[in-house]
Amino acid sequence: MNRVGRDLVGHLVQSLAQAGDPTTPQKRALHQSIPGHLVSPSGRFPKSPPFSCAPWVSLSPKHTAVAFLKTHKTASTTVQNLLFRFAERHNVTVALPHHACDHQFCYPHNFSARFVHPYTLPPRLIASHLRFNHEELRHLMPNDTVYITILREPVAMFESLFSYYNQYCPAFRRVPNGSMETFLDNPSQYYRSHEKYAMYAHNTLVYDLGGDPEHSPEDSAYLPKFIRQIEGIFSLVMLAEYFDESLVLLRHLLAWDLEDILYVKLNMRSLESKLNITSARVAAQIRAWNALDTGLYDHFNATFWKKLSKMDHGCLQKEVRALHQACERLARHCFRGQPQLRPAMQIKNKDLRPWQPSAKVDIVGYDLPGSGPHSDEQCLKLVMPEVQYSRYLLRKQSLKNRRWAVPHRPLSPRGLLPPPPHPAVKAS
């Protein structure tokens, strides 16, 4: 653990020690100050036998073999960044896409080990977009690999997909005036399942997980069978709506430290790029059109709370609070205050500008103040967009694999190492 990480953890341990008994009214009320946290679907936290609180610094060997299925528009880029940083700190080889696949594993094709760049073999971690193919991943990854993924509530996810991919998905492009309501009134008028990028318009979660997004929801046997398959492979299905609680579960699952799950939110749209869904009718239409995704999410939302119920409520509150405080402390260190989201063209460091899917959508990012010493490399990695981080890791691992005599230069705020030859970024 580096110096900043030790300082963060030490500060938090002291703060939490001073907080007193988790049964105090202040601790019981903690969740009320964190909107969207610690409220189960039933409105109360489920009861079950708790286990003792885990230490902030893991006493067990950290698990490093991880396959993260990066789903679309689910806060998965933030998780990927967290995993990339962990891999760098612990010298873990990350599987990265071949140049021909861009920064994703030739998505939307079914994943194949042939899509992995040879200089990133053999890997212990994989976290870039792919369409799930367990058989191929099983042959690529070590036997002790832990599989994780993340889902998002279908209404919010569909709104994000419709906005983000409006220039790439043919079904969305056909809609007059780009109206989501018009699309939902008659999806079959615009949707063609055989078209490239059609999966962004219909049951995207099921598609990403390797299922059949066109299967009739009236077949009552299909989705339960598919869910059983997912449960047999994935040790943790996180939820974007309960992101911090998901990271707490991830930390316990992998025996990681608090430092290993620190983050800032990445790949976010500006407020002007979001569609405001206030109609219950529109929400119901989205859930009906994406019925398989809806059933999938509802199931794993329920099982998520079963996992949380195995933690002592006071321990969970402590860990969520610790994570909030640690992220805020890291942000103060990196940004000299609170991070300020900026449009891409206002970010002075071009290497920190997020990719823009179209002129109609503004993806915001972060700038870092000053030039600073390269001890702030951790801050650069914290806010580095997916495309740049993937290219950087590929070059770094290629240099190591090929045993070039050129030493690895640390990042500086003035720029990254020159990227390898790479085709134009696509929206796939």
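Two strands pair if DSSP finds at least two bridges between them. Helices (H or I, at least four residues) and strands (E, at least two) are DSSP runs numbered from the N terminus. The model is predicted: local features need pLDDT of at least 70, side-chain atom pairs count only at pLDDT 80 or more, and totals for chains, interfaces and linings use all residues. Residues are numbered from 1 along each chain as its sequence is written, and side-chain values use heavy atoms, with hydrogens and water left out.

**Exercise 1.** Find the partners of strand β4 (residues 146-151), and state in which sense β1 and β4 pair.

Solution.
1. Strands of a sheet pair through backbone hydrogen bonds, either parallel or antiparallel.
2. Strand β1 (residues 66-69) pairs with β4 in the parallel sense, over 4 bridges. Tyrosine 147 in β4 is the bridge partner of alanine 67.
3. Strand β5 (residues 234-239) pairs with β4 over 5 bridges, in the parallel sense. Here leucine 236 in β5 is the bridge partner of isoleucine 148.

**Exercise 2.** Decide how many residues of β4 are buried (under 20% relative accessible area with a 1.4 Å probe, protein chains only; exposed is over 50%, partly exposed in between).

Solution.
1. Val146, Ile148 and Ile150 point one way from β4, and all are buried.
2. Tyr147, Thr149 and Leu151 point the other way and are buried too.
3. The count is 6 of the 6 residues, so β4 is largely enclosed by the rest of the structure.

**Exercise 3.** Work out which strands stand at the edges of the sheet of β6, β7 and β8.

Solution.
1. The open sheet has the order β6-β8-β7, with antiparallel pairing.
2. β6 (268-269) and β7 (342-343) each have a single partner strand, so they stand at the edges with one side lacking a neighbour in the sheet.
3. β7 pairs with β8 (residues 363-365) over 2 bridges; arginine 342 stands opposite glycine 365 in β8.
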